[in-house]
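Got your viewer ready? Here's a quick tour of the salt bridges, with what to select at each stop.

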Amino acid sequence: MKARVKWIDGVAMLGESGSGHGVVMDGPAELGGRNVGVRPMEMLLLGLGGCTQFDVLLILRKGRQQVTDCVVELAAERAEQDPKIFTAIHVHFIVTGRDLDPKRVAQAIRLSAEKYCSASIMLSATATITHDFEIRAAP
């Protein structure tokens, strides 16, 4: 896997993935930014959310669960001193579907966290990561 980050100006950057996709990152005004993109640490948190959602959806689909929507909400705490690493992350899944089995949803989340989600496993080296979920019935 490869990636490239090109400086634009101030502290704004263009991140380019090896698969050909781009994203703008920037910092707050007090650090020379113009707030035109997500912060790099926010990208890490978004990456965790995307990685675990990918796993959970794949596991639930293989288990023939009828998922119609899935939202992952993340809340993180960072250390006060540099390096301001993540120290705690809470991952909340909102899974919508028809006749969803709560045991299968819980198992999919556990498997993602403990076995499949590379981002979760890497970040858990420095942060306590907790999970919970709610199931909503599809209309």
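Start by selecting Arg 136 and Glu 134: these two form a salt bridge, with their closest N and O atoms 3.1 Å apart. The term here means a side-chain nitrogen of Lys or Arg within 4 Å of a carboxyl oxygen of Asp or Glu. Turn on the surface and you'll find Arg 136 partly exposed at 41% relative accessibility, and Glu 134 partly exposed too, at 28%. For these labels, buried is under 20% relative accessible area, exposed is over 50%, and partly exposed lies in between (1.4 Å probe, protein chains only).

A word on what you're looking at: it's a predicted model, where local features need pLDDT of at least 70, side-chain atom pairs count only at pLDDT 80 or more, and totals for chains, interfaces and linings use all residues. Residues are numbered from 1 along each chain as its sequence is written, and side-chain values use heavy atoms, leaving out hydrogens and water.

Next, pick Glu 16 and Arg 4, whose side chains meet in a salt bridge at 2.9 Å, N to O. This pair links distant parts of the chain: Glu 16 sits in strand β2 (residues 12–17) and Arg 4 in strand β1 (residues 3–9), 12 residues apart. Strands (E, at least two residues) and helices (H or I, at least four) are DSSP runs, numbered from the N terminus. Glu 16 is partly exposed at 29%, and Arg 4 is partly exposed at 48%.

Now jump to helix α2 (residues 102–116), home to both Arg 110 and Glu 114, four residues or about one turn apart. They form a salt bridge, closest N and O atoms 3.8 Å apart. Arg 110 is partly exposed at 39%, while Glu 114 is exposed at 57%.

How many salt bridges does the rule count? Four.
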